[in-house]
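Dear colleague,

I am passing on a structure that may be new to you, and I would be glad if you could look through it alongside the notes that follow.

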Amino acid sequence: MAESNFVDYVKIYCRSGKGGRGSSHFRRAKYIPKGGPDGGNGGRGGHIYLRGNRNYWTLLHLKYERHILATNGESGGAKRSFGKDGQDRTIEVPCGTVVYDAGTGEFICDVTEDGQVVRLLKGGKGGLGNWNFRTATNQAPRYAQPGEPAQERFVILQLKLLADVGLVGFPNAGKSTLLSVLSAAKPKIANYPFTTLEPNLGIVSYRDNRSFVMADIPGIIEGASEGKGLGLRFLRHIERNSLLLFLIPADSDDIRKEYDVLCNELVKYNPDLADKPRVLAISKSDMLDEELMRELEPELPDDIPHVFISGVTHYGLQELKDLLWKELNKESFHETEKIVHKNIDVSKLTFDEDDFDVPVEEDEEEYVEYEDWDDEDEDGGAYDDGENISER
């Protein structure tokens, strides 16, 4: 079986560029015996940026590029020549990408809009040349600063789909069938649990050329918030949805109990999901008549609107779309920006062995801040490039 192209989770290694060292050069000319220091500054190391791109829908392009490295800044030169800045690296990610530190699980940033740019790692500052350290009492400084070291870290990128309506239900509840009927999406449909192994998006057409986006995720089972089934991997996609559509089959033994189990798993995963608007749809209602529907009414939850539907016979689908559109256009519409992202527990995550490979980098020189320099001491912990120093 071919591997799916939908990748919503990657771990990559990022390293910015280190700053170029400053030059400790002295001016040398035929008729200028004491030209003085003229060493230039080193260039800045390259930054690492994240940029949202609506043309991407998965993190597949990062699955095979695990090392993102910016270039180092060049060293300064003679005649106060500044070194060239390192080249920045920009990581294109789909909208809805959340970034965590792979070592601690700490939340770093969230990219939700097309064109949004976030600086992930800062490049090292270039070192100062000896021209910057000349004073009246120290007219021939024979030292210069090395560049600041690079920053590096392993990061985890998680994609959380941006959709208006998210389908929530147990396996074989009819979620994929409903999505295929309401939109042009072609999810896999079969009569066995966990047919859906990856989220699917579909655009649902409504009246007057209006539309909204619906997302179908793999079925949730009891204990999904603790890692059972596929729920823990895909529950994060529900966080982005403005409205949750619960699907429970009409032939369920206890509709209210199944609804309570689903709600409990969502709240365990993220307590903020308890405040999201909800709609209940009783699927497979083609097996019911009007009398059975009336008998089921008292068993349904009272705090959310409900509707009886059938994806096979298209029963109640227009009523469902009307109800979804009404709920989406309330004051709570599009509250995805109010999500509070929690830190993740990296101890429960599994990684490949190559996820921990770190590119080899040469030893970096110690960087000293400008305030630490002592103009009276030419050799105190400074960098001395003997090849560029001319005799006074």
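Which strands does helix H4 lie across, and at about what angle does it run to E12? The model is a predicted one, and in it helix H4 (residues 255–269) lies across E9, E12 and strand E13 (278–283), while its direction is at about 140° to that of E12.

These strands belong to an open sheet of six, which follows the order E10-E11-E9-E12-E13-E14 with mixed pairing. At its edges are E10 and strand E14 (306–308), each of which pairs on one side only, and neighbouring strands of the sheet are turned against each other by 25° on average, direction ignored. Within the sheet, E9 and E12 run parallel and are joined by five bridges; Gly169, for its part, has Leu247 in E12 as its bridge partner.

Helix H2 (residues 175–182) has Lys175, Ser176, Leu178, Leu179 and Leu182 as buried residues. Seen down the axis of H2, these buried residues fall within an arc of 160°, so they line one face of the helix. Among the elements that cover them are strand E9 (165–169), strand E10 (200–205), strand E11 (211–216) and strand E12 (243–249), as well as helix H6 (317–328).

Elsewhere, His25 sits in the loop between strand E1 (9–15) and strand E2 (48–52). Its relative accessibility is 17%, and because buried means under 20%, His25 counts as buried. The side chain of His25 also makes a polar contact, at 2.8 Å, with the side chain of Asp38.

With best regards

Methods
Residues are numbered from 1 along each chain as its sequence is written. This is a predicted model: local features need pLDDT of at least 70, side-chain atom pairs count only at pLDDT 80 or more; totals for chains, interfaces and linings use all residues. Side-chain values use heavy atoms; hydrogens and water are left out. Buried means under 20% relative accessible area, exposed over 50%, partly exposed in between (1.4 Å probe, protein chains only). Helices (H or I, at least four residues) and strands (E, at least two) are DSSP runs, numbered from the N terminus. The arc is that of the directions from the helix axis to the C-beta atoms. Contact means heavy atoms within 4.5 Å. A polar contact is a pair of N or O atoms within 3.5 Å; within protein, one must be able to donate a hydrogen and the other to accept it, and residues adjacent in sequence count only if both atoms are side-chain atoms. Two strands pair if DSSP finds at least two bridges between them. Axes are lines fitted to C-alpha atoms, for helices over the stretch in contact, and angles run from 0 to 180 degrees between N-to-C directions.
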